[in-house]
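Q: I'm new to this one and would like a close look at a single part: the salt bridges, and what sits around them. Could you walk me through it slowly, with each term explained as it comes up?

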Amino acid sequence: MGSKNITDKALNILRILPRVSLANIRDNPGSKKCQKRGRGQHGGDKHGSGNKGSGQRQNYMRLGYETGNNPFYLRFPQEPYYKGHHLRRQYPPLSLEKLQLLIDTNRIDTTKPIDLVSLINTGLYKMNPDEKHFGVNLTDEGADQFKSKINIEVQWATDLVIAAVEKAGGTITTAYYDPHSLQAMCNTKHFFQRGTPIPKRMIPPPDAIEYYTDASKRGYLADPEKVSKERFALAQKYGYVLPRIEDDKDYDMLCTRKDPRQIFFGLNPGWVVNLRDKVILKPKDDEVLAYYNS
């Protein structure tokens with residue numbers, strides 16, 4: 001009797017319930033646990049890096065780029081002081097203290113004129129024309145201890161530096177070199193091995209011609225008579241007795257100057273230096289001589 005009652009109840013339930021279909025089939029309660037989603041639930045599947053563009057990748061934007069907006073450095077007026085700063089000539093500094101040290105350690109021969117080639121050959125002064133370097137800026141650090149009598153050629157110097165050199169009995173000249181000349185001077189061995197003629201030095205550009213024709217700056221294009229007057233005036237300004245280089249035994253060395261078109265001491269423009277055979281080839285054609293003549 002019991003089993004019959006159970007069967008009748010089951011049949012009655014089937015009569016009441018709807019037919020089994022995909023719409024009413026589901027798992028038993030608690031049989032499946034919901035998996036937790038990752039960080040994508042907090043902003044899609046971009047992991048908090050936005051949607052599209054280089055910002056969601058490791059292809060970072062350049063410094064100052066504001067994703068299409070007018071950048072900060074263009075929204076505000078520029079300082080005129082920095083206009084064309086990437087084109088300005090740079091002069092790596094060399095102090096009088098370090099120059100005296102190079103002389104004391106016999107890295108520089110004071111019996112010969114000193115120029116940019118002499119300073120670079122010491123291995124302790126670096127210059128790169130590709131970075132807008134145009135020569136030596138001789139600074140006044142160690143001016144009170146400078147005691148060497150030299151004939152030096154630099155590209156930039158102040159009144160105190162000029163006074164320190166001339167007080168010690170030496171001479172100083174400021175001279176301009178164009179980038180092609182500087183490339184030849186920075187690595188003379190490499191330049192001579194190329195077998196190309198020595199170029200002629202170009203004249204200073206308009207914004208530098210005033211400096212290199214100024215006698216007070218000891219410009220190489222200045223009038224020698226005005227330079228002599230400025231030497232005496234500078235000695236009066238700083239209160240020292242100007243040595244007479246005319247009576248000096250090294251007068252010829254102290255007065256040695258390069259031609260305005262000359263790059264190396266003792267070598268004229270147009271000459272070809274053959275390091276392998278140790279000979280110098282000089283042009284003889286009149287047209288070539290006229291081109292390299294100053």
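How many salt bridges does the count come to?

A: The count comes to 11 salt bridges, where a salt bridge is a side-chain nitrogen of Lys or Arg within 4 Å of a carboxyl oxygen of Asp or Glu. Before we look at some of them, a few ground rules. This is a predicted model, so local features need pLDDT of at least 70 and side-chain atom pairs count only at pLDDT 80 or more, while totals for chains, interfaces and linings use all residues. Residues are numbered from 1 along each chain as its sequence is written, and side-chain values use heavy atoms, with hydrogens and water left out.

How confident is the prediction? pLDDT is the predictor's confidence in each residue, from 0 to 100. The protein averages 88, and 95% of its residues score at least 70. Confidence is lowest in helix H1 (residues 2-16), with a mean of 84, and highest in strand S5 (residues 171-174), at 96. Those labels are DSSP runs numbered from the N terminus: helices are H or I with at least four residues, strands are E with at least two.

Now the bridges. Start with aspartate 207 and arginine 89, whose side chains meet at 3.2 Å, N to O. Aspartate 207 sits in the loop between helix H7 (188-193) and H8, and arginine 89 in the loop between H2 and strand S1 (93-95), so this pair ties together parts that are 118 residues apart in sequence. How covered up are the two? Buried means under 20% relative accessible area, exposed means over 50%, and partly exposed is in between (1.4 Å probe, protein chains only). Aspartate 207 is exposed, at 58%, whereas arginine 89 is partly exposed, at 23%.

Next come lysine 258 and aspartate 115, which form a salt bridge at 2.8 Å, N to O. Lysine 258 is in the loop between helix H10 (251-254) and strand S6 (272-274), and aspartate 115 is in the loop between H3 and H4, so the pair ties together parts that are 143 residues apart in sequence. Both lysine 258 and aspartate 115 are buried.

Another one pairs aspartate 248 with lysine 149, at 3.0 Å, N to O. Here aspartate 248 belongs to the loop between H9 and H10 and lysine 149 to the loop between S2 and S3, so the pair ties together parts that are 99 residues apart in sequence. Lysine 149 is partly exposed, with a relative accessible area of 27%. Bridges can share partners, too: Asp115, Glu153 and Lys258 are joined into one network that way.

What about the surroundings? Asparagine 151 is a good place to look, in strand S3 (residues 151-154). Asparagine 151 is buried, at a relative accessible area of 3%. Its contacts (heavy atoms within 4.5 Å), leaving out residues up to four places away in sequence, are Pro113, Ile114, Thr171, Met253, Leu254, Cys255, Thr256 and Arg257. One of these partners, threonine 171, also makes a polar contact, side chain to side chain, with asparagine 151 at 3.1 Å. A polar contact is a pair of N or O atoms within 3.5 Å; within protein, one must be able to donate a hydrogen and the other to accept it, and residues adjacent in sequence count only if both atoms are side-chain atoms. The backbone oxygen of threonine 256 comes in as well, 3.0 Å from a polar atom of the asparagine 151 side chain.

Two charged residues are worth a glance for their backbones. Most residues other than glycine have a negative phi. Arginine 218 goes the other way, with phi near 60°. Arginine 218 is in the loop between helix H8 (209-212) and H9, and is buried, with a relative accessible area of 2%. Lysine 132 also has a positive phi, near 65°. Its place is the loop between helix H4 (116-121) and S2, where lysine 132 is partly exposed, at 35%.

One last stop is helix H5 (residues 159-167), with Val161, Ile162, Ala163, Ala164, Val165 and Glu166 buried. The buried residues of H5 pack against helix H3 (96-104), strand S2 (137-139), strand S4 (156-157), S5 and helix H9 (224-238). Just after H5, glycine 169 takes a positive phi of about 95°.
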